[in-house]
Amino acid sequence: MTVESTAAARKPRRSSKRTSAAKTPAKTPQGSGPELVQLLTPEGERVEHPDYSIDLTAEELRGLYRDMVLTRRFDAEATALQRQGELGLWASLLGQEAAQIGSGRALRDDDYVFPTYREHGVAWCRGVDPTNLLGMFRGVNHGGWDPNTNNFHLYTIVIGSQTLHATGYAMGVAKDGADSAVIAYFGDGASSQGDVAEAFTFSAVYNAPVVFFCQNNQWAISEPTEKQTRVPLYQRAQGFGFPGVRVDGNDVLACLAVTRSALERARRGEGPTLVEAFTYRMGAHTTSDDPTKYRADEERVSWEAKDPILRLRTYLEKQGAADEAFFTGLDEESEVLGKRVREAVRAMPDPDRLAIFDHAYADGSALVDEERAQFAAYQASFAEEGK
């Protein structure tokens with residue numbers, strides 16, 4: 001998979017001996033970094049923010065908790081299936097559930113989503129069957145769902161390109177006079193790509209109704225954020241002429257409130273917003289990655305205390321908004337989901353190897369027809385050898 005970052009700026013050399021990246025923990029929301037929007041502390045305490053507020057019913061809070069728990073279970077099953085040889089690769093979202101569920105539940109049905117390859121929680125919110133997400137990683141299809149059915153675009157593997165697609169789509173939405181909004185997801189590493197800068201420029205100049213949602217999980221594969229930028233990511237928006245905001249990416253309430261506000265601003269015709277969700281990738285970049293090579297265990301432990309699911313559960317229990325029967329029932333539902341995912345993946349049929357030629361051109365092509373025939377003959381040669 002394409003490397004998710006290039007260094008945006010190289011820091012000057014220092015005469016003193018530097019500590020290795022693996023031993024330098026990233027700044028946390030409670031540290032000395034820039035102010036961020038937070039409505040629910042890691043201890044499960046509800047706090048207020050002067051610019052962002054949210055008032056949810058107990059049922060809505062339980063719904064957010066259910067979304068995060070089931071998304072995490074699906075993600076764990078997919079990781080296990082890859083380890084068992086059932087998937088070629090998997091990009092885990094472990095630790096980023098609040099950022100995805102909070103932003104995903106802020107969307108209206110007529111809004112349009114442009115994801116990367118890790119937005120499993122957003123796909124869940126858009127009603128995409130989670131088993132469809134696995135087809136591409138098993139190598140049996142190129143996505144498995146119709147983007148227009150759920151207003152959820154196919155996963156994008158090329159880093160950062162979806163921000164341009166989102167911007168162009170949003171410009172079209174504005175020209176059509178619709179009041180819907182567009183959201184583009186990308187990671188901190190992708191923020192170093194030229195495509196993202198171009199998307200920022202076009203969206204600002206054309207006042208496009210798009211929200212750029214950056215999940216800053218602190219690591220672009222093996223490169224920490226501090227080696228990608230000299231300023232906090234959300235401040236980059238200022239240079240392009242639109243607002244940016246940093247939100248506690250492990251706080252599902254804050255992510256919901258901030259994203260909802262940004263989407264409403266876009267619908268009012270006030271242009272783009274950059275949301276930086278300050279979160280953490282608890283696992284590997286993908287299943288082909290070994291984070292122990294570049295990350296200290298102490299860093300992960302410090303972020304485990306900020307777990308998005310644990311903090312919401314604590315709040316639910318303190319408020320009496322969920323009882324033991326709810327949690328027990330959710331555990332049972334989680335087991336059912338896991339079983340369905342395992343069975344669905346193992347039942348996926350092998351793809352038609354010639355299908356890759358079917359939709360290269362809408363009206364066909366003599367060259368593609370020739371290539372199809374050559375490939376078919378090549379495949380047939382294996383059957384001949386086996387006789």
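Mentor: Two strands pair if DSSP finds at least two bridges between them, and we can hold that rule against this predicted model.

Trainee: How do you know that β2 and β3 pair?

Mentor: Six bridges run between β2 and strand β3 (residues 210-216), in the parallel sense, and since the rule asks for at least two bridges, the two strands count as paired. As an example of residues facing each other, Gly187 stands opposite Gln215 in β3. The chain travels from β2 through α7 to β3, and this β-α-β crossover is right-handed.

Trainee: What makes β1 and β2 a pair?

Mentor: Strand β1 (residues 112-114) and β2 share three bridges and run in the parallel sense, which again satisfies the demand for at least two bridges. Within this pairing, Phe114 has Ala184 of β2 as its bridge partner.

Trainee: Why is β2 called largely enclosed?

Mentor: Six of the six residues of strand β2 (residues 182-187) are buried, so the rest of the structure largely encloses the strand. Buried here means under 20% relative accessible area.

Trainee: Which residues of β2 lie on each side?

Mentor: Val182, Ala184 and Phe186 are on one side, while Ile183, Tyr185 and Gly187 are on the other, and all of them are buried, so that both faces are covered. The pattern fits a general rule, namely that side chains in a regular strand alternate between the two faces of the sheet.

Trainee: What makes β7 enclosed?

Mentor: For β7, six of the six residues are buried, and therefore this strand is largely enclosed by the rest of the structure. Thr273, Val275 and Ala277 point one way, Leu274, Glu276 and Phe278 point the other way, and all are buried.

Trainee: How do you know that β7 pairs with β3 and with β6?

Mentor: β3 and β7 run parallel and are joined by six bridges, with Phe212 having Leu274 of β7 as its bridge partner. β6 and β7 pair in the parallel sense over five bridges, and there Val247 stands opposite Ala277 in β7. Together with helix α9 (residues 252-267), β6 and β7 make a right-handed β-α-β unit.

Trainee: Why is the contact between Glu276 and Arg246 called a salt bridge?

Mentor: The two side chains meet at 2.9 Å, N to O, and because the cut-off for a nitrogen of Arg and a carboxyl oxygen of Glu is 4 Å, the pair qualifies. Glu276 lies in strand β7 (residues 273-278) and Arg246 in strand β6 (residues 244-248), so the salt bridge ties together parts that are 30 residues apart in sequence.

Trainee: Are these two residues buried or exposed?

Mentor: Glu276 has a relative accessible area of 0% and is therefore buried, and Arg246, at 8% relative accessibility, counts as buried as well.

Trainee: What makes Glu77 and Arg342 a salt bridge, and where do they lie?

Mentor: Their side chains meet at 3.0 Å, N to O, which is within the 4 Å limit. The pair links distant parts of the chain, with Glu77 in helix α1, Arg342 in helix α12, and their positions 265 residues apart. Glu77 is buried, because its relative accessible area is 9%, whereas Arg342, with 26%, is partly exposed. Both also belong to a network of salt bridges that links Arg73, Glu77, Glu335 and Arg342, and a search of the whole structure finds 25 salt bridges.

Trainee: Why is Arg138 called partly exposed?

Mentor: Its relative accessible area is 25%, and because buried means under 20% and exposed means over 50%, that value falls in between. The side chain of Arg138 meets that of Glu86 in a salt bridge (2.9 Å, N to O), and this pair links helix α4 with the loop between α1 and α2, 52 residues apart.

Trainee: Which residues of α4 are buried, and what covers them?

Mentor: In helix α4 (residues 130-138), the buried residues include Pro130, Thr131, Leu133, Leu134, Gly135 and Phe137, and their cover includes α1, α3 and α12. Just after α4, Gly139 takes a positive phi of about 85°.

Trainee: How do you know that Val205 is exposed?

Mentor: Val205 has 63% relative accessibility and therefore counts as exposed, the limit being over 50%. Val205 is placed in helix α7 (residues 194-205), and with Phe202 and Tyr206 it makes a nonpolar surface patch of about 340 Å².

How values were computed:
Residues numbered from 1 in each chain as written. Predicted model: local features only at pLDDT ≥ 70, side-chain atom pairs only at ≥ 80, totals over all residues. Heavy atoms only, no water. Patch = residues over 30% accessible without salt bridge, like charges linked within 9 Å, V, L, I, M, F, W, Y side chains within 5 Å. Areas by Shrake-Rupley, 256 points an atom, 1.4 Å probe, with all protein chains shown as cover. Helix = DSSP H or I, 4+ residues; strand = E, 2+ residues; numbered from the N terminus. Buried < 20%, exposed > 50% of the residue type's maximum accessible area, 1.4 Å probe, protein only. Right-handed = clockwise from strand over helix to strand, strands pointing away. Contact = heavy atoms within 4.5 Å.
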